[in-house]
Structure formats: structure tokens, C-alpha cells
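Student: I have a structure open and want to learn how to read it. Can we go through some features one at a time?

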Amino acid sequence: MANNATTYYDLYRHSSIGQMLTDALDDLIGEERIDPQLAMKVLTQFDRVITEVLNEKVKARLSFKGSLDTYRFCDEVWTFMIKNVTFKLDNGGTSVTADKVKIVSCSAKKPDDK
Amino acid sequence: MEQIPLPSSLGEVEALINALYQPNPPETISRIQDVLHRLQRSPEGWQLAQSLIANPNNNIKFFAALTLIVKLNRDSDGMSEDDAKELLQKVIGWFLQSLVDGSGAFVTKKLCTALVTYFMRFSQLWPHPLRHLLYSLDIGRGMPVEGLDDALPANVIVGNLDRRKLRAAIWFTASLVEEITKTDMNVAKYMPVHKGLQDSVADATCLLARGFSPPSDNPALLTQEDALTCFQSWVMYWQRGSAKLGPLVALVDPAMQCFADESLFSATAELFSDILSYCPSFLSEENYNSLAALFDSAWAADHYKEIVDGHEDGNIAFGLLMLAYGDAKVLQLMTGTDDRSQRFLQRLSGLLAAEGYPVHDDYIFVPALEFWSTFVETMIDEAFTQESDHASELLVWRPLAEQHLTTVLMNCWRKIQWPPVETFASWDSAERTGFTDARKDVGDLLQSVFALKGLPLVKFFVDLLLRSLELQIWPEVEACAYCLGSLSDCVSDSSNYDIELGRVFASPLFELLGEQRGPLPLRLRQTGLSLIERYSEYFERHAEYLPHALNLLFAAVGDAQLGGPSAKAISTLCSSCRPILTSEAPTFIRHYQTIRTSGLVLDSLAEERIVLAIASIIQAIPDKVQKMQAFGQLLSFFTSDIERAVQLKANPGMLNLSDPNFLRGVEQPSSAAPSQVPPAEEIALQIALRALRCLSSMAKGMQDVKDHVVDIDDDDSQQQTKQANNAELVGVQATILAAMLQTQETFASSGEVVEIICMILKAGFSETEPGPFVFPAEVVVDFFLKQGPATPRLGTVLSTACSFVGSLYRGPRMYVPNHLSRLLPWVISILQALPEPESDTEVAQNGIYFVDRVMTKYPAVFFGLQPFQTLEFFFMFCLKVLNGKEPLPKSAAADFWTSFITSKTEDDPALQATITGAIEHLGPLLAISLMQNFGGNAARSELDKLSEPLKKLVTGNVHAQMWLQNALQHETFPAHHVPLEQRIMLLKKIIALRGNRDTNKVLREFWLLCRGANFSYAS
């Protein structure tokens, strides 16, 4: 019930899956099979569902180690720049390394929802 | 499908509606719905709604209200003001009528929705919907809107309403706020609607207050539950940031009184849980105190006891309410040393000890765990903040908070203990997954707690493990081992931790683990093996435990359930402890040989891991002769396998399934009945694939883990001779290569063979020192040249070729142009063989990437390619791909053109002239292609990628403006409706931006303009 009123970030629209969804909606609009209002609703629904699914359904985990180079907290957004990072995935203990990683994290509740 | 004709009389319509509710085939229902939809949308829809609403049948009345909503949404734009006002009066009249004529509640509620729909269309004509409806309810008929000035004050009217009318007014209010909440209050169209709603708050508050304490006229009608639901909707609307809803806070106390009524308990608990979770600031400190007092009451104690005793069904809402309160007040509870806070926290930790298994029949465990994770995170924040600023305060509350954490840890440890095997097997898959996930959540919590407690936490579980071990309570031992395993990423290599871990690894547990028929249950054996793997770094530091651990793991390799985890642990341990284990290489090879000859066929993945483990030990052997000897021994297993596979393919009659070497090619040898045995050819292929995969594992294991300095000024000839002089190495490489080629030749149609060979080659590309899998560049080139359009998984081969180009820095540089000159025509010939550029997207993408890399690193090789038509073909191919629809090749083509536009060389004027000439020739064509894309042909997600070549064009070529202008005027430009002035305006903007990042934004706006307003729905 509460979720009806909760607003969601649209940041996952820029993920690969979000971009592909938008392309697919563009195609449907181009073929006049849906109207833009419906596309907008689909995207709003996507914002909600992807947030919930990532939160509730995805149980895969990874841990990582690295050297924290810079961090900042501005406008409710944390940013971490980490160097020489090793990610350890929990499926088979595979390790992935990266020279530099930027992590941007927002509160699960949007500032105006708090 | 046969169409149903439109009904010609009201009776026929009623019959159709009634038929909808009868058991009918789906297609009949669908046809009836279609006819009814057409009726609703027809101009007669208004009349139809009016006629049907008088029908005594509830379903027909409901359809009438629905028709009204459809008409309001679709066909009310042209309605005159007078007609609209008249309609309102009529709908209110029907609404009032539904309260007295025995209509079902769902009919009245649908009429509420119809009224709300009216308000959202005609808010200017009906500015005070709630007050006006109350006025009409008071009078008993639909009143004119203008008459509202004569109405009694809302509180008086509400005070006069009987329960029936009161409940209907609450339904309307709930529908009003719920429907309006769905709209955006910042959109101009909905602003008056939101204003109307916010102006109604005082009336709504007064109505709901009455709903919480209704008149005594009709006790069978419960208004409190409706009032709670409606209040919840208003609070959620308040959460969206409206400060004008202050009067609503007066309803908190009356709502809280509903806890006293058991029938309202769930709805009340849900309301307050939502408020605490989503808008905690809605409640005043006084409200919080009331809730705290409530939690301290005997009534709350009863509910709590029910949950803890496992009677969660009716009481889970109370547990969730406690947790929501805890979340909202976590800081105060944590730092509060008063009895009430301590009692509350004690109860919250007790929620982790409720009867039952998490997720299966204990539903409060996971939410309670989430609360305690928040508690620990808050504690970490506060502890680190106060350490410097308020150290004395920290000393007061921290010991108390840590006591609670100890209880939490104990409760979690008990909860994650596995149920008996038969119990677990009786659960459904969701419960089993949920239980395993709950264990993982506990692992996460422990990692957070570690940040606070460090070594004592490890000691806590070590002590617990040793105690349970002594008592032989295996589920407890398993839970301890699991908890210690969860902390493996946190513990450091300090000696204090090693002392504690040493107590575990030196304990009898690991003796028992080795006993295949010992007392330990399977779960504990799995967790024990996993513990060894997780602490592989510990074994690096304490080699004395390593042989025993590995023996134990090897002993478990043959076990059906433990084979996988033990092979994984062997691989991790051997890889990280390789320098210590070099003397054991012959033993491990013998171990492996014993497994193979014993008739036991390992799971393929487990075998690959063991091979990888042995190879990584061989890699660390310092003596080159011993190293090659051990390598040769291991390699011989797989070359023999390949030879056997080839012979079997040629001579299927030699298949002998009693020989373990042939059984390796059968999926599940033990269970395969003769009739299920696949044909000899298939077995041959599987034997070969398995051998190749093992070779690939060897290649990974042989990769050097140390960093070596790459001397880029090293004399080429010296580098080349480094490897060539080692005759033995050359011989081994020849053997490996021959095995791979023989496999590919024998199983020419197998894509998997090609894929694994590519993986083997790639493993050598990243190496800087000579090794058995670090093949000379000419050998790799020769391999590629053998592949043609008929080779399966050609895309993978080309991708490997791309990696090869990137690895050439480590070889003799003087030969690189020669290698590339051989490879480049081969790649282009594969692209030429494609019927269409997009017919194999992987080939097109990797082919373009390959050429891009060559052009960027060795422009002379690329621009010097002969015959010139080959280059011409490639340019045209890339233009076609850029005009196409396939995203991956298109992205590669955009990258290629970006590199092409910026190609230059400083030390070769003749080459520079060729490059300039090529750009001058192709620039106009590229401009046309790009503008077709920005003119609407590109997909939205491709715009940023396509902006890159355009930006480079603008900054890098003096003719760019002219080319782009021509492209914008070209007949192939897709958006003919965009006037030329606007196209020229775009050009001016992008030229002025000089390749700046804002170019992307300008191009995106232009794309939108060309596509039309329909595409501006996404940000």
C-alpha cells in the first residue's frame, strides 16, 4: 500500500536493461502499437520494479577489497573512488580485478520520501 | 471468430452483462466484452449508463457505473458547463439511491470512483467535492453546487450522518485521495485537483474522526476499519510533501484506540507500521510515547508471547509493528539506557528466537534480522562518531548495546542450524531457498558485527565450536563453522587471529572430516571443506596444516555430494599455496592418476579444478627440468585422451564401456543403462571435449601469478631466442598444438571444440614469460589462417584474434607488422563471405574491432593493405553497419569511425597523405550516415556512441561543416518534416560546441525533434 505513494529513482533507466526497454518502447510507438502515455507508465513501473527486484530478489553477493582513494557525500549521494579493487563473487569464488572503480550510491528512500 | 452483433434493446444489453458472469468459454467472454466495450464507447453510452443504473441487478448497476467512468474519461471534453453540472447532480443522486435500494457495496464504491473521475475532469465546476457530497448526504438528494453556501458546517453535517451514510462518505474520501495520489502534483493539468484535495483535509479529518467513533444506530456496520484504510491513504498522500495536511495528525490518537478492538488489530497495526516505515515524521513525540507505552502493556506482552511461541499467523502484524517502531527510533533505543528502551530491545532480540525454522514457519526472523542489521550499522556510525567527540557517552550505552548483540548472535546461531535432512527435504523449493538466504543474511550481519568486535567475535565462535564438538552436537558445530567461514574476508593475517583459527584447524573436527563413514553429517562435511577453502590464506601462513587439509580434500573428491566443493577447495588452496607445495607435485599427479585408474569418473568440473590445482603447483616449481617433467606427465593424460577420441571416432567398434577411459565420455556412467548409452561418435566427442577443457585448466594453472617487468626496449632478437632456445618447451608446444588441431580436424562441426581452443590460446596471451601455452606469434597466426567461413563459432575466433593483437607487445616487435599483414586480409575475407553485414552480428562486431585495433596501432599495415579494393570493401561494410539496426556491430562501427577520423602519423608523410585522402573521400559519406542516424534512424540508446565520430569530425576536419550541411540537405535525410532552418541551426550549434560534451545533448534534442513529440516521454 505504501508503495503506491513512494517515488522511485529513474537512474536504472540508464542501465543496459533500461536502455533496451526504452528502445523497445520507441519501436512500439514508431509502429503506432502503443501511445507515449503508456510508454511513460511502463517506464515508471520499471523504475519501481527494478528497484524492488534488485532489493528483494537478487541474492547474489560479492565482496571486494581495495584502497579507498577519495570519497564524498553530497546531496544525499555517496561517491567512492577505489583503486586496485578485487571483487570476489560468491559463485565459484571467481575473482575480478579493476584498477579503478567508482561507486555511486543513493539512499534506498528518496530524500523526499523520508 | 464469429462477431456478436451490437444489441438493439436494453434487454439484450442486460442479457449480455449477465452472460459475462455466467460460466462461459474464454473466447465467448472475450467477444461479449468486446461488444460491451464498443457500446460503452458509442455516443449512446451516456444514455445506456443512465438506463442501466436503475436496474435492480448489482452486476448491471456496476456496469452502468463503469460505463459512466469510461464516458467521463473519453467523451466529456466537449460537454457544456450546464450539462456537466446536471450530470454531477444525477450521479450524486444515483450514489444516494444506492445506499437505500439494497445495492451492493461494490456498486456504491464504483459510483464513488465515478464521482472522483468527474472531479478530476471538472474540478473547476466542483471545487469542494467532499463538502458538497456531505451536503447532499445531509439533504438526501443531489444538490446543486451553487447551493453549498446554504449548507450547515461540515462538522455539524458529519455529526448528523447515520452509519450507512458515514461509511459511504468515507469510501468516497478514500477513493478521492487514492485516485489523486496516482497523479503528478507538478503537472499543470492536475494542480487544481490537488488543491481541491488539500482544501478538503479539514472536512476529511472531521469525517474520519467521526468514523473512528460512529453513532450507535447500526453496530453491524463497521466504519472504523474503513476509516483506518482511508486515513492510511491520506498519510501516504501527506508523505508526498504537502504541508497543508496538518489537521490529519489529530486522527493519530483515535486510530491508536483501534488497537483495543481485536477485529481491527491487523488493520491498525498495518497502518502504524506503514506510518513508522514511510513517514515517521508524521508522528509527534507524544505519539511515540503512546506507542512505547502500548508496547510496554500486558496486552503487548500477550501478543509478543504468541509470536515467540510460534503462533505467528495472527500476530505477525504485531511483530512487524515492533520492528517498524524499532527502525524509526533505532538511535534513541540504542543510546537510551532507560529500562523501557532496554526492555524493548530485549524483546526485539527475542524475535530472532521465535519457534520454528526461518522462512518455513518462522516469518518474523528475516524482518527482525533486517532490523538488527540496521541497529549494527547505526552502532558502527555512532561508535566511530562518539569515539572522538563524546567518549564518555559511548562508555555508557555501548556495553548495554553489546549485550543485546551477544543475544542476537546466539539467537541467529541457533536459527541457522540445519533441520534434519528429511524435514528439509519436505519443504518446498521457495522455503529451502529462503532458509539458505536467511543463513547468508546472518553471514552479512556477522561481517557488520565484526567491524565493532573484531577478534572477540572470532573467539566467540571458535569457543562455541570446540564446545559443541566436544559434546558432538553436529548441527551446532556446522553453524559455528558456517559463521567462522562468513568472517573469512574480514579477518586479517595477524597472529592473534591465526592463534584462534589454529585451535579450529588443529581440532579433531578435521580428523573426523576425513572419515567417509564417520559420524559427521553431510552438511557439516560440506561446510568443513568450505571452511578450509575460505581460509586458504591461513594455510599459506601455516604450511604445517596444509598436507593434512589436502589429503582430506582429495579423499572427498570421489564423493558424489562432496566432490564439487572439495575440488573447488583443492583448486583454491593449491593456487594460493603453490610455492609451498612444489615438492608435492609428483604425489598429486599420482593421486590424480589413481583416481583415473580406479574406475571412478569424476564430475567434469571437479576434474578441471583438480587439474588446475596440480598445474598451478607445477607452475611454481623452480627447477625447469623438474617442471617440464611434471608438466609432461600431466599433459600426457589428455593427449592420450584426445588420441583415443580420434581413434574412437574413426573406429566406433573399439568402444569398451568397462574401460574408465571410455566412460569419461558418458554423461552419468553409473546410471546409464545400455539403451541410454549415446553413440560412439558422441562419446568420442565428449572425451575430446573433456580433455580439451582439462588442457584449458592446465593453461590457466600455468599462468604466472607474479608480476614481471616487461622491458619494452629489450632487443627483439634476444626475446625471440629466449623461447626458441628451449627445445623442450618447443616440443611440448608442438604436442599441445598438434592435439588441438587434430581435435578440431576430427570434430570439425563442433563449436565447443573451437571455443575451448580459443580459451587455451587466450590463456597464453597475457603471459610475459615463456611457457608451454605461450605459443610463438607465428604459430597463433597460422592457427587463425586455417579457420575459414565454415568454421563454427567464428565470432569467438575473431574475438580471440582481437586479444592476440593486444598481446603482441610482449613479442619481438619487428615481426608484428608481418603478422598483422597476414591476419588483416584473412579477417576482411571473412567479412566478405557474409551474405549481409548483419547476418552474423558477432563476426561483424569482432571483425570491425580487429581492424580498428590494427588501424590504431599500426596504421601503415592498415592503409598499406593490397589490393586497394579490399580496403574499399571494408569501409563500405562499416558504413552499411553504421546505417543498420544491429546494436553491437553498430557500436563497433561507431568506434571504428571515431578512430578513423583521428588517424594520423607524424613520421611518414606518404602514409599521412594516404590517410588524409581517405578521410577526404569518406568524410562526406560518413556525414550522411551519421545524419541519417541523428535524423531519427538511430535507436535512443545508440545516440551517445554515435556522437563520438561526429564530435571528432567537427574538431578534426576543416571540411566537416560542409559535409554535414550537405548531409542535412541530402535526399536520404529521414526527417523531411524538420525545416531546413532547424537543421542548419543544429549544425551551427554543434560547430560552435567544438566537440564539447554538450554536443551529445544537442544531438539528442535534434533526434527527438526529428522523431516527433511522441518520443519525448523518457527523460
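Student: Which residues does B:Thr117 touch, not counting residues up to four places away in sequence?

Tutor: This is a predicted model, so every value here is computed from it. B:Thr117 touches B:Ile69, B:Leu72 and B:Asn73. B:Thr117 has its place in helix H6 of chain B, residues 105-121.

Student: Is B:Thr117 buried or exposed?

Tutor: The cut-off for buried is under 20% relative accessible area. B:Thr117 has 10% relative accessibility, so it counts as buried.

Student: Give me another residue to read in that way. What about B:Ser448?

Tutor: Start with its place. B:Ser448 is found in helix H23 of chain B, residues 429-453. Its relative accessible area is 15%, so B:Ser448 is buried. Leaving aside neighbours within four places in sequence, B:Ser448 is in contact with B:Val376, B:Glu377 and B:Ile380.

Student: How do I check the length of a helix?

Tutor: Use the rise of 1.5 Å a residue, then compare with the ends. Helix H24 of chain B, residues 455-471, has 17 residues and should span 24 Å. Its end C-alpha atoms are 24 Å apart, which agrees.

Student: Which residues of H24(B) are buried?

Tutor: They are B:Leu457, B:Val458, B:Phe461, B:Val462, B:Leu464, B:Leu465, B:Ser468 and B:Leu469. Seen down the axis of H24(B), the buried residues fall within an arc of 165°, so they line one face of the helix.

Student: Why does a spacing of three or four places matter?

Tutor: An α-helix has 3.6 residues a turn, so residues three or four places apart point the same way. Now look at the other side of H24(B): B:Glu470 and B:Leu471 are exposed there.

Student: What comes just after H24(B)?

Tutor: B:Gln472 does, with a positive phi of about 55°. B:Gln472 lies in the loop between H24 and helix H25 (474-486) of chain B.

Student: What is notable about a positive phi?

Tutor: Most residues other than glycine have a negative phi. B:Gln472 is not a glycine, yet its phi is positive. B:Val359 is not a glycine either, and has a positive phi of about 75°. B:Val359 is found in the loop between helix H19 (339-350) and helix H20 (365-389) of chain B. At 24% relative accessibility, B:Val359 counts as partly exposed.

Student: And peptide bonds?

Tutor: Most peptide bonds are trans. The bond from B:Gln866 to B:Pro867 is cis, with omega near -5°. B:Pro867 lies in the loop between helix H45 (859-863) and helix H46 (868-883) of chain B.

Student: How many residues of H40(B) are buried?

Tutor: The count is 11 of its 15 residues, and H40(B) is mostly covered. Among them are B:Val753, B:Ile756, B:Cys758 and B:Phe765. The cover over the buried residues includes helix H37 (680-701), helix H39 (727-746), helix H41 (777-785) and helix H42 (794-807) of chain B.

Student: Let me try the length check on H40(B). What span should I expect?

Tutor: For the 15 residues of H40(B), residues 751-765, expect 21 Å. The end C-alpha atoms of H40(B) are 21 Å apart, which agrees.

Student: How do I describe two helices that pack together?

Tutor: Give the angle, then the distance between axes. Helix H49 (residues 943-956) and helix H50 (residues 960-969) of chain B pack at about 130°, with their axes 8 Å apart. That angle makes H49(B) oblique to H50(B).

Student: Which residues make the contact?

Tutor: From H49(B) come B:Leu950, B:Leu953 and B:Val954. From H50(B) come B:Ala960, B:Trp963 and B:Leu964. These contact residues divide into six nonpolar, no polar and no charged.

Student: Is B:Ala960 buried or exposed?

Tutor: B:Ala960 has a relative accessible area of 1%, so it is buried. Leaving aside neighbours within four places in sequence, B:Ala960 is in contact with B:Leu953 and B:Val954. B:Ala960 and B:Ile991 are 31 residues apart in sequence and 8.8 Å apart in space, C-alpha to C-alpha.

Student: What about chain A?

Tutor: Read the order of its elements. From the N terminus on, they run α-α-α-β-β-β. Of the 114 residues of chain A, 23% count as buried.

Key:
Residues numbered from 1 in each chain as written. Chains lettered and ligands numbered in written order. Predicted model: local features only at pLDDT ≥ 70, side-chain atom pairs only at ≥ 80, totals over all residues. Heavy atoms only, no water. Helix = DSSP H or I, 4+ residues; strand = E, 2+ residues; numbered from the N terminus. Expected span 1.5 Å × (residues − 1). Buried < 20%, exposed > 50% of the residue type's maximum accessible area, 1.4 Å probe, protein only. Arc of directions from axis to C-beta. Axes fitted to C-alpha atoms, helices over the stretch in contact; angles between N-to-C directions. Parallel < 35°, antiparallel > 145°, perpendicular 65-115°, else oblique. Contact = heavy atoms within 4.5 Å. Nonpolar A, V, L, I, M, F, W, Y, C, P; charged D, E, K, R; others polar.
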